[in-house]
Every structure is written in structure tokens, then in C-alpha cells.
Amino acid sequence: PPATPQGAAVAAAMAGELKPSQQPGAFVRVAADGAVTVMVNRLDFGQGVHTALPMLVAEEMDADWRLVRAELAPAAEAYKDAGFGIQMVGGSNSIKSSWLQYRELGARARAMFVNAAAQRWNVPASQVRVADGVVSAGSRRATFGELAEAAMKQPVPASVTLKQPADFKLLGQPTRRLDAPAKSSGRQSFGIDLRPAQARVVLIARPPVFGAKLASVDDAKALAVKGVSKVLRIPLDRGATGVAVVADGYWPAKMGRDALGLSWNTDGVEKVSTDALLQRYSEMARQPGLKARVADTSALAGAPRRISAEYRFPYLAHAPMEPLNCVIDFRGDACTVTVGSQFQTLDHAAVAATLGLPPDKVTLNTAMAGGGFGRRAVPSSEYVVEAAQVAKAWRAAGGQGPLQLMWSREDDIRGGYYRPMHVHRAEIGLDAQGKVLAWQHTIVGQSILTGTPFESFMVKNGIDAVSTEGVVDTPYGFPIALDVHHPKVNVPVLWWRSVGHTHTAYVMETLVDELAAAAGQDPVAYRRTLLGDRHPRIRAALDLAVARSGYGQRKLPAGRAWGVAVHESFSSVVAYVVEASVADGQPVLHRAVAGVHCNFAVNPLTVEAQVQGAVLMALGTTLPGAAITLKDGVVEQSNFGDYTVARMNQMPQVEVHIVPSTEAPTGMGEPGFPALAPALANAVAALTGQRLRELPFKLA
């Protein structure tokens, strides 16, 4: 920080001398022209925190929003999430976790400006007013810029009074994003764009089968490629060895890597094939497992009616638009890293440990990222450690200067850390009227959390909590007995947008529709009866979507049907009422109306954008080719030509309606995803009579 009073405040705050909510010096920087820069302590990779968090500060600070800017914070003690204890973004946690923290930061900064003005004008602080970045008392006035230096010398108030929602001027208003002009015009720089002058590019050859060992390398042809500087062996994540090609640019690095003569030893390594693994999972789903929820299922044997259903969900790649990348400048006694990190604290520590440096000798700058969906939050800091390993080997070989590690699209899709494959099996006993008497449910899938820092509090009795969410806590009151199997498989897995809800919501909401049909009831009325008065937020979201869609009030065009689903995840609820048809043997989604309950919506435009993006991403999981498959241990997909994502021409009309609330906000980065696919499947079932029990969809 600069040698100014504000710089001193920043230094003290970043050293961790105050709690995260008591450090305006680390989070708020005011320039002489009155511009207010708010440090955003989380990665923004499309979810909108680059705007929403500054809105929280600006509201309580009474800043002029036209002069507010945002900057992504580096890794530092001050910027750790107050709940998780590390600097991170995940679990749709940003606004929920920062709601009070960032408002208190703004309120404390405001109080410091008030006190500075009171001292300058020799008036009681109670006579000082603040509005739109201007401080006044009677006829005297000063801008934030004019008072900034004096304000930063003020003591940080121990306590502040926050505004009531009725007094908000900015929060709750649809607000254009601060980064929208740069992003929509192509001027925004992302991590992949931040290659320093004279930096060399690094590509790594990785094992084609997870866990394979490097047997031999012939690098003669690679070194003969113009622009290739070095070929280095480096240790990789999961105990593997990789071969790094260092070159003057991406193309010579790629040509050099393609020219490598490599052989790999796969002795003793499990070579997974999807078909065989699905068969294994299906067999396990018929066996008793770990008990996640206990209920009496004795009525199954004598039930007059029965539903037996097996659901299958494939491995999925995250496939963000911007593949993984990292810029690293290792200078022997210090290092600077620039990366779009979801886990700044873990990545910072991992780089320091890999290079053998004290943490204070490593600077980690947060870059804007082009998507992630969980892929940039690897507990092992996989690709950041790769960059450090290359930098260490490069320097040991006499190399100097910064490096940019890049993953190609093919590296990204073949490189592992997928949403796990899952199989669900449900045996449901019904009485003659369709009432559920007993329900035995089994889930088979790898654990995401085992072996991570989150295992200690999210894996209980061997059961990974994110595998069962959405079933174990179903709001419908069904008498469900839930068993879980977590097989060990040689495929690396990781959280993926909406995590377990990506499959549990699909199973539960399609089965609820099937049960409504068995009971001879309308699917909306059936859900309302099951929910009763016990879940008012779920009811409110469902009722809003139904009312705004016209469900049951207007006749659909010939060949179209309604589909309904509602699901709570990350403390928010999203209900969908969709209109769909079937053309050329494939479902077509025409319209999706969302009812959202996320408590107070800080920026309704951000909520709308997250739901719109979730609709398209969830739709993509239903399309042919939306699956990662393996044969003899090798991933069969490599790029968007054989790994399907939804395209612009498949985007339906989306309408987003938010239930009004003044309660503290809940997350919206992920909750828009889970209910979309089951709503579409329910519409297809209404049209065809076919219950779709597999993603991607396979119509008969």
C-alpha cells in the first residue's frame, strides 16, 4: 500500500489486525476526484459480485453510485470469508456471507467521513449529513475526495447502525453491472489475456489414463520446433508426472507438445469404461448401503401399487468458456501469481509450499475469469501447483522471466475433475388411491468431499452430504429410507454447479410428477397439498411461477405441454413452469417462467441473469452428447464438437419473477439450475407418456 494514511489503514487491515467487517481501509479506497473503489474479496466469473458487493458498501456509505468502481482483491488475510475462514467463492455464498460484512464496511467508512467533517468544521457529528458522496453540515460541504485523507486517519468505529430495507436507495433496484460495458465490448481482460511482455507459454502433456506413469520421453522433435525453449518433467496432481513444453507462444508450445514422443505405463491402474461402470453402479443400487435416512419400508412388500425407477446421470465436464490458465513469475526469493482463483487462500499457500517460500513472499492477484462452475476451486490447487512446479523447474534449468501456463480446450475436457456419475434407484409402494406408503431410495456415486478440507464437517458416518442433498431433506414429507454407496473409481471428481442437486432434484421432481399422475391429481395441486403450510417459501415460489405463466388459465398451442418443478438449494427456491414440444424425436423448450425466492434481492438484474444462464446450462444437460464417457480408461470427448453444450438458438423465452422479501438474502449462483431439467422432462411425459430416467434425454 502507498505511504499515505489510507495506505497505512490498508496495511493494518490486510495484516489481519481487525475483523473482516471492521476493515474499511482494506476494502474502500477513495480518490481525490471522489471515485470510490471497492475491493471485491471473491472471484467474479460471471455471477455478478463485481457489482453486487460494491452496491452493499455504496448503500451504507451513501456514495454516489456513478463514481463507484470495483477491483478484485488479491489473496490476503483481510479478504477471507467470515464463515469459511478462507478467501473463496462457492456454494452460492457470496451475497449471503457478505450481506452484513460489506454493509458494515460501508457504514464504518461513512462514520469516518462524518467524524472527519465534524472535526474540520468543529460541529457535532450529529449535525453532519451524507448523500451521494457529499458530506455537509449547514452551508458547509465537502466531497468524499476532499475528505478522504482525513477520514482515513479516523479510528474505525466499533459498532455501527445499518439502514432498514425501507430506507434503501440503491439495494433492491435493478442495477447495470459495472463490468458490463467492458465485457460486452470485448475490452475486459480475463486471466487468459494477461500474458506479460516476454512471458513464455507452457503446455503440459498429461497421462491419457488417470494415474498412468510416465515411462519415457523423446523430446528431440519437440525441441526442434521453432520457438520451443525447454522440455521439462514435472510432478502433477494425483501423483502423476507431466511433460511441460516452454515456448515463445501458444502455437509453438502446442506444436512442441504434439511432437513429443511419450510412452506411459498403466500397470496396476484401473481403466474405467462407462458401460461396465454403469452396470456395476446398477448392481450396487440394488444392495443395502450406508444409512443416510431411516424409515419403515415394510409396507413395500404388500403395497397394492408400486413404482420401480432407476435413474442414470453421466460424468460431466465443467467446460467454462475460458480454459484454465495461470501467470507466474518466480524470482527465486519471491513470486507473483495472477490467476482466476476460486480458492485464493488455498492456492496462495500451495504456491508458497511448492516453491519453498514464506507466504509473505508470494503475491496472488485475482484475475477476472470466464466461467468456472466449480472447476477453479480445486482443494489440491492442481493447476496453480502445476504452474509453480514448472516455474521451479524452469528456473533450475536457467530460465528467467514470467510464464503463462495454459490448458487447451481438449486438456480441460479430458483433464478430469468431473461432476460424478450417479445411479439412483427408487422403490415406492402406493395404496389404491396413489398415496405413498413406503419409499426405499438408493444413491450410488463417488464422494466429492472425501480427502478435501471440507470432509471433517460435510462427511458424516462415511456419507458425503452433497450426494444426498435434495433427497434426505425433501420437503414433501415422504417416508423415505435412503441408502448411499460411495465406490472408489479411478476418475477424479469435483463439485459442479449446484453439486448434488443436479441429480437429486431431477429424480425427486420427476417422481413427484409421476406420483401425482398415480393419484389422479394435477401436479401443481399435488405439490401444494404435500407442502402444506410447512414450507411457505417453496409455496410462494411455486405459486408465483404458476400465476405468471398462465398455467391452467390458458390453452397451449397444439403439440405443446406444461411441465412443472420446484426445488430448494443453497437456501433459495426456484420453481419453473415450462412450455415444451417434441420435434424430430427431441424435446424443444419454448418458454420457462421462473418463480424465485432468494429473500431480499440485492440486484434483481443479477438474479435474472443467473436464472437465465442456469436455464441454458441445465437445458444443455438434456441434449444428446452431454456426457463424459470413458473407454479403457481414456475420456472419449475432447471439445465442443463431441461434448454438447446448449447453443444460443436453443435458448427459450425466459421470464424471472422474484418473491418480495426483506429477509437477509440467500444464494443465487446455482439455485436456478436444478429444477429446469425435471420441469422439461415432466412436459415431455405429458406429451408422450414416457418417463425419462436418464440424462441426457433418450426418447424412445
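Start with the crossing of α10 and α11, which is right-handed in this predicted model. To bring the pair into view, select residues 344-355 for helix α10 and residues 382-396 for helix α11, which pack at an angle of about 25° with their axes 9 Å apart. Because angles under 35 degrees count as roughly parallel, α10 is described as roughly parallel to α11.

Next, keep both helices displayed and show the side chains where they meet. On the α10 side, select D347, A350, V351, T354 and L355, and on the α11 side select V384, V385, A388, Q389 and K392, since these are the residues through which the two helices are in contact. If you colour this selection by class, the contact of α10 with α11 shows six nonpolar residues, together with two polar and two charged ones.

Now clear the selection and display the whole protein as a cartoon, in which 19 helices and 28 strands can be traced. Switching to the C-alpha trace and aligning the view with its principal axes gives spans of about 85 × 70 × 45 Å. For 700 residues, a compact globule would have a radius of gyration near 27 Å, and the protein, with 27 Å, therefore agrees with that expectation.

As a last stop, colour the protein by burial: buried residues make up 60% of the 700 residues. If you then draw the contacts with a separation of 6 or more, 76% of them turn out to be between residues 24 or more positions apart.

Key: Residues are numbered from 1 along each chain as its sequence is written. This is a predicted model: local features need pLDDT of at least 70, side-chain atom pairs count only at pLDDT 80 or more; totals for chains, interfaces and linings use all residues. Side-chain values use heavy atoms; hydrogens and water are left out. Axes are lines fitted to C-alpha atoms, for helices over the stretch in contact, and angles run from 0 to 180 degrees between N-to-C directions. Helices (H or I, at least four residues) and strands (E, at least two) are DSSP runs, numbered from the N terminus. Angles under 35 degrees count as roughly parallel, over 145 as roughly antiparallel, 65 to 115 as roughly perpendicular and the rest as oblique. A crossing is left-handed if the near helix is turned anticlockwise from the far one by less than a right angle, and right-handed if clockwise. Contact means heavy atoms within 4.5 Å. Ala, Val, Leu, Ile, Met, Phe, Trp, Tyr, Cys and Pro count as nonpolar, Asp, Glu, Lys and Arg as charged, and the others, Gly among them, as polar. The radius of gyration is taken over C-alpha atoms; the globule rule is 2.2 Å times the number of residues to the power 0.38. Buried means under 20% relative accessible area, exposed over 50%, partly exposed in between (1.4 Å probe, protein chains only).
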